[in-house]
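Visitor: Could you take one small part of this model and look at it closely, and then lead me outward from there to whatever surrounds it?

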Amino acid sequence: MEKIRRVLVVGGGVGGLTAATAFARRGVEVVLIERRPAFDVPGVGLGQPANALRVYEALGVLPDILASGFCYDHMCIFDPKRELIVRHKFLLGDANIPAFCALSRRRLHDILLAAAEKAGVEVRCGLTANEIHEQPNGVTVDFSDGRTDSFDLLAGFDGIRSATRLHLVGTAFVPRPSGYGAWRLQVPRPGYVRGMEFLQGIGSKAGAMPLADDLMYLFHIRPEAPDAVFEGEGLRNTAAMSPTSRRRSMQIRTSSTARSSR
Ligand SMILES: Cc1cc2nc3c(=O)[nH]c(=O)nc-3n(C[C@H](O)[C@H](O)[C@H](O)COP(=O)(O)OP(=O)(O)OC[C@H]3O[C@@H](n4cnc5c(N)ncnc54)[C@H](O)[C@@H]3O)c2cc1C
């Protein structure tokens, strides 16, 4: 393959933004397309272990991430009455990199998007690739807005139902429902929640993940019908929260978990 000068990154999630920034910082011209019309990222929070934090350090965004998130080095598994079963210490950190830092997914996204734009990535929202045509030294792509463009490389980061993966390997890795869904809600963090907590039940589990000094999310992973669909906005509910927490921006989101068929 000739020298790579121009890359198309498909998908503006954590993976796509990170890869796009890394390419651009090496002098490659990068176009990133994102199917959503805007970066109003759904999701509640993301825990990033030290290996991910080392990548953020290389991209120059680690200080922002650490300033926005909550660092910790352990998770605890409890029984349903919060009696400790096991405390597990994370060992990937070192003197410079914390073992783990979790933060609001929206905040992480804002940081990564700013880094991509600063590195010179051209971000186009509301766009997908209709057709990918393989060429001897790259690809030609027909976009959903009718335009066609050529690139030395296409990097697919378009998520669990990736159209790029479908193009490359067909349906071999199409995800199928695991039968579980994850319900999550941002709430104020009480001082005693200082690491990831799992309360293991029978057939489901609940828990908490710190996201900032004053914020964490609660989760409940439980069986859901494989074809269940929940409209996110209709699920927003602050009625059960304290007056203080009601003033905060609350989110309830569901994500139906899926696993690859292999
Ligand atoms: C409930 C839950 C909790 C999780 N918690 C953690 C955690 O704590 N820590 C952790 O590391 N991971 C966690 N994960 C996993 C993590 O979310 C994924 O690994 C991560 O989001 C994958 O990033 P990505 O950029 O590859 O894909 P995604 O984040 O899925 O981003 C894909 C992007 O591509 C866009 N897109 C899709 N199709 C197209 C198309 N055809 N054209 C253009 N754009 C397209 C989408 O709109 C999206 O913006 C969790 C997942 C779930 C469901």
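Guide: Ala114 is partly exposed, since 14 other C-beta atoms lie within 10 Å of its own; here a residue counts as buried with 20 or more such neighbours, as exposed with 12 or fewer, and as partly exposed in between, the C-beta atoms being placed from the backbone. The model is a predicted one, so local features need pLDDT of at least 70 and side-chain atom pairs count only at pLDDT 80 or more, while totals for chains, interfaces and linings use all residues. Residues are numbered from 1 along each chain as its sequence is written.

Ala114 has its place in helix 4, where helices (H or I, at least four residues) and strands (E, at least two) are DSSP runs numbered from the N terminus. Helix 4 has 15 residues, and from its first C-alpha to its last it reaches 21 Å, close to the 21 Å expected at 1.5 Å a residue; the expected span is 1.5 Å times one less than the number of residues. Although Ala114 is partly exposed, the helix also has buried residues, namely Arg105, Arg107, Leu108, His109, Ile111, Leu112, Leu113, Ala115 and Ala116. These buried residues pack against helix 1, strand 2, strand 3, helix 3 (62–68), strand 7 and strand 8 (122–125), a contact being two residues whose C-beta atoms, placed from the backbone, lie within 7 Å. After helix 4 comes Gly120, with a positive phi near 100 degrees.

From Ala114 we can step across to Thr21, which is 93 residues away in sequence but 9.6 Å away in space, from C-alpha to C-alpha. Thr21 is one of the buried residues of helix 1, among which are also Gly16, Leu17, Phe23 and Ala24. Those buried residues pack against strand 1 (6–10), strand 2, helix 2, helix 4 and strand 12 (153–156). The twelve residues of helix 1 should span 16 Å at 1.5 Å a residue, and the end C-alpha atoms are 17 Å apart, which agrees. Helix 1 is followed by Gly27, whose phi is positive and near 90 degrees.

Helix 1 also leads us to the ligand, for it supplies three residues, the largest share of the shell around the ligand. Helix 1 (14–25), strand 2 (29–34), strand 3 (45–49) and strand 17 (252–260) each give at least two residues to that shell. Of the 21 residues around the ligand, those that come nearest are Gly11, Gly13, Gly15, Arg35 and Gly159, where a residue is near a molecule or strand if its C-beta atom, placed from the backbone, lies within 6 Å of it. The shell divides into seven nonpolar, ten polar and four charged residues.

Strand 3, which helix 4 touches, belongs to an open sheet of three strands in the order 3-7-4, with antiparallel pairing; two strands pair if DSSP finds at least two bridges between them. At the edges stand strand 3 and strand 4 (70–71), each of which pairs on one side only. Strand 3 and strand 7 (residues 100–104) are antiparallel and share five bridges, and Gly47 stands opposite Ala102 in strand 7. Helix 2 (residues 50–58) packs on this sheet, touching strand 3 and strand 7, and its direction makes about 90 degrees with that of strand 3; such angles run from 0 to 180 degrees between N-to-C directions, the axes being lines fitted to C-alpha atoms, for helices over the stretch in contact. Helix 4 (residues 105–119) packs on the sheet as well, touching strand 3 and strand 7, with its direction at about 95 degrees to that of strand 7.

For contrast, consider strand 6 (residues 84–89), which is hardly covered, with a count of zero buried residues among its six. Strand 5 (residues 74–78) pairs with strand 6 in the antiparallel sense over five bridges, and His74 has Lys89 in strand 6 as its bridge partner. The two strands form a hairpin with five residues between them, and in the turn Arg82 has a positive phi of about 60 degrees.

Finally, to set this part in the whole: the chain has six helices and 17 strands, and buried residues make up 27% of its 262 residues. Of the contacts in the chain with a separation of 6 or more, 67% are between residues 24 or more positions apart.

Conventions:
Ala, Val, Leu, Ile, Met, Phe, Trp, Tyr, Cys and Pro count as nonpolar, Asp, Glu, Lys and Arg as charged, and the others, Gly among them, as polar.
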